[in-house]
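The following is a walk through one structure, taking its internal cavities, its disulfides and its aromatic contacts in turn.

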Amino acid sequence: MGTMTTLLTLLLSLISLLTATAALPLSTSSRWIVDENGQRVKLACVNWVAHLDPVVAEGLSKQPLDSISKRITSLGFNCVRLTWPLYLATNDSLAAVTVRQSFQSLGLQESIAGVQSNNPSLIDLPLLKAFQEVVTNLGNNNVMVILDNHVSKPGWCCSNNDDNGFFGDKYFNPDLWIKGLTQMATLFKGVSNVVGMSLRNELRGPKQNVEDWYKYMPRGAEAVHSANPDVLVILSGLYFDTDLSFVNNRPVKLTFPGKLVYELHWYGFSDGQAWADSNANQVCGRVSSEVKRKAGYLLDKGFPLFVSEFGIDQRGTNVNDNRYLNCFLAAAAQLDVEYALWTLVGSYYLRSGVLGMNEYYGLLNWNWGEIRNSSLLQRLSVLQSPFQGPGLSEVRKHKIILHPSTGLCLLKVGFMGPLKLGPCSQSGAWSYSSRKVLALKGTYFCIQADQLGKPAAVGIICTDTHSQWDTISDSKLHLQSKTPDGTEVCLDVDSSNTIVTNSCKCLSKDKSCDPGSQWFSLVDSTLTSKSTSPILQVNSVLDMLGMNVS
């Protein structure tokens, strides 16, 4: 495991070094976020918590700040969603408390010793100055920052009855909120790596309503833009930021263009235990449709969508989370959305009264020194680069065939195959025709079903039924064909990552069955393939026959 983790870290470090630094500030161009040169910038972020009772970015008692920032970039992330409580910006007394004093007031002697050892220059800084130092250090490491107003009163979030959830709650005075947003936007004006501000996390609770959302959220957006016109302004929805459907028929009216982004949260537990208690195909189909209805439609209306929180229990034993993640990764790749993983945090100073709580959704382990789950990082790596967008039209649009369960893509290895899973950066350019044929563009080759339980074939006569692949099941993630003898089969993956054709599984009803190995997502891309597989550089049979491909 240690060797694999080291190799993955080195690979992701190389990717981050090869990725060009964006020309800041950022703005929007239709559904895309772009830099000053008009080139798409994909936000591949991780959440770093600084809104709990100590009001100090977590982990500074475990590792040096610069080591944490460098670890973020080495793992392939270009951005941090950094959370903050409103009172840090509106309560001068709180902002002036030093890191040491904050920990002392909470009895966190061990945390004092840890920060003194790992970050001695921070221990006696006021809380607001310490927060600024975190932002500065991230900038020194070319990490963009989105400032997320997570709560008003410092503490863990969120519940329906925590008095922190909606305008007019005990700890959510709208005028104070506007003041805090203005203060924070002003404080970070001219700090180039602060590229966006999330106005408020997870609006919720018994007082939430659409009319007050329209009354206050545009005011917050205008206040931020007036104080700092460089930053993206990010608006959250209702019901713990799972619902923006009301914007569909009532657009937000702002006085400034090119800065508006919407955000969405999507977890497995957003749908209770449905993933574990029901058929995964049916749940994936239903939930994906709901997400697109409530928020995904914004992409078609020309607005960027930032999935600012998603994540799983990284111990790998949570069935609900594991099944959800396969569906999420397929959808996130198809939609090519911006995102922020919850969370970087391996452990907390103090969370809900518990000292040193382990965060099992955390990318890092308890002492912040190692990766908690390297296989998750491999699966996420395919999302860390954009598939398409302004400035990225290197070739005509084509498909890559993503296997969400592994984060790998379908490759043709050798002249006549076999078909294997491998890095998506090496994927060939596939087409999916109106006749439902999957073919390598610019070649004669297509995918064929040969025999049940045998490797999928690579053929050049692509007009038979065993060359046609339907997207079936509620999830639309199974690729089904028929062998020459008429047996219905689905693409699957064996233990050596070879693509095989097996009986289609878990299509409906059965809740104990996991369809993950048979889920494949057809993802649009305009990036040049780096495939080294030898191919015939001629028009495919499909093109010769004049069939329409996309």
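**Disulfides, cavities and aromatic contacts**

With a torsion of 85° about the S-S bond, the link between C409 and C424 is right-handed. This pair connects distant parts of the chain: C409 belongs to strand β14 (residues 408–412), while C424 sits in the loop between β15 (419–422) and β16 (430–432), 15 residues apart. The sulfur atoms of C409 and C424 are 2.1 Å from each other. Both ends of the link are enclosed, C409 being buried and C424 as well. The model is a predicted one, and every value here is computed from its atoms.

How many disulfides are there by the distance rule? The count comes to seven, and C409–C424 is one of the pairs that a disulfide joins. Another is formed by C284 and C327, with 2.1 Å between the sulfur atoms. This pair also links distant parts of the chain, since C284 lies in helix α11 (residues 280–300) and C327 in helix α12, 43 residues apart. Because the torsion about the S-S bond of C284 and C327 is about 85°, this disulfide is right-handed. C284 and C327 are both buried.

A further disulfide is formed by C157 and C158, whose sulfur atoms are 1.4 Å apart. The torsion about the S-S bond of C157 and C158 is 65°, and the link is right-handed. Are its two ends buried or partly exposed? C157 has a relative accessibility of 9% and therefore counts as buried. C158 has 23%, so this residue counts as partly exposed; the cut-off for buried is under 20% relative accessible area.

The next topic is empty space inside the protein. Rolling a probe the size of a water molecule over the atoms shows where such space is left. Two cavities of 30 Å³ or more are found in the structure. The largest cavity has a volume of about 50 Å³. Which residues line the largest cavity? The lining consists of L264, W266, V291, L305, V307, F328, A331, A332, L335 and V337. Strand β9 (305–310) and helix α12 (319–335) each contribute at least two residues to this lining. Helix α12 gives the largest share, four residues. By class, the lining of the largest cavity holds 10 nonpolar residues, with no polar and no charged ones.

The second largest cavity encloses about 40 Å³. Its lining is made up of A50, V55, V56, A57, L127, A130, F131 and V134. Sorted by class, the lining of the second largest cavity has eight nonpolar residues, no polar and no charged.

Helix α12 also takes part in the aromatic contacts. A pair of aromatic rings is described by the distance of the centres and the angle of the planes. Over the whole structure, a search finds 23 aromatic pairs. One of them is the stacked pair of F310 and F328, with 4.3 Å from centre to centre and 20° between the planes. The two rings come from distant parts of the chain, F310 from strand β9 and F328 from helix α12, 18 residues apart. F310 and F328 are each buried.

F328 forms a second pair with Y324: this one is tilted, with 5.9 Å between the centres and 40° between the planes. Why are Y324 and F328 separated by about one helical turn? The reason is that they are four residues apart in helix α12. Y324 has a relative accessible area of 0% and is therefore buried. F328, at 1% relative accessibility, counts as buried.

The rings of F310, Y324 and F328 belong to one aromatic cluster, which also includes W266, W275 and Y339. Two members of this cluster, W266 and F328, were met before among the residues lining the largest cavity. F328 thus appears in the lining of that cavity, in the stacked pair with F310 and in the tilted pair with Y324.

Charged groups also meet rings in this model. The charged end of R200 sits over the ring of F172, at 3.7 Å from the ring centre. In the case of R315, the charged end sits over the ring of Y360, 3.6 Å from its centre.

Note on methods:
Residues are numbered from 1 along each chain as its sequence is written. This is a predicted model: local features need pLDDT of at least 70, side-chain atom pairs count only at pLDDT 80 or more; totals for chains, interfaces and linings use all residues. Side-chain values use heavy atoms; hydrogens and water are left out. On a 1 Å grid over the protein atoms alone, a cavity is a set of points where a 1.4 Å probe fits but cannot get out, and a pocket is an open set with protein on both sides within 12 Å along at least five of seven lines; lining residues have an atom within 4 Å of a point. Grid points are joined across faces, edges and corners, and a volume is the space filled by probe spheres set on the points. Ala, Val, Leu, Ile, Met, Phe, Trp, Tyr, Cys and Pro count as nonpolar, Asp, Glu, Lys and Arg as charged, and the others, Gly among them, as polar. A disulfide is a pair of cysteine sulfur atoms within 2.5 Å. Buried means under 20% relative accessible area, exposed over 50%, partly exposed in between (1.4 Å probe, protein chains only). Rings of Phe, Tyr and Trp (its six-membered ring) pair if their centres lie within 6.5 Å; planes under 30 degrees apart count as stacked, over 60 as edge-to-face and the rest as tilted. A charge sits over a ring if NZ of Lys or CZ of Arg is within 6 Å of the ring centre and within 35 degrees of the ring normal.
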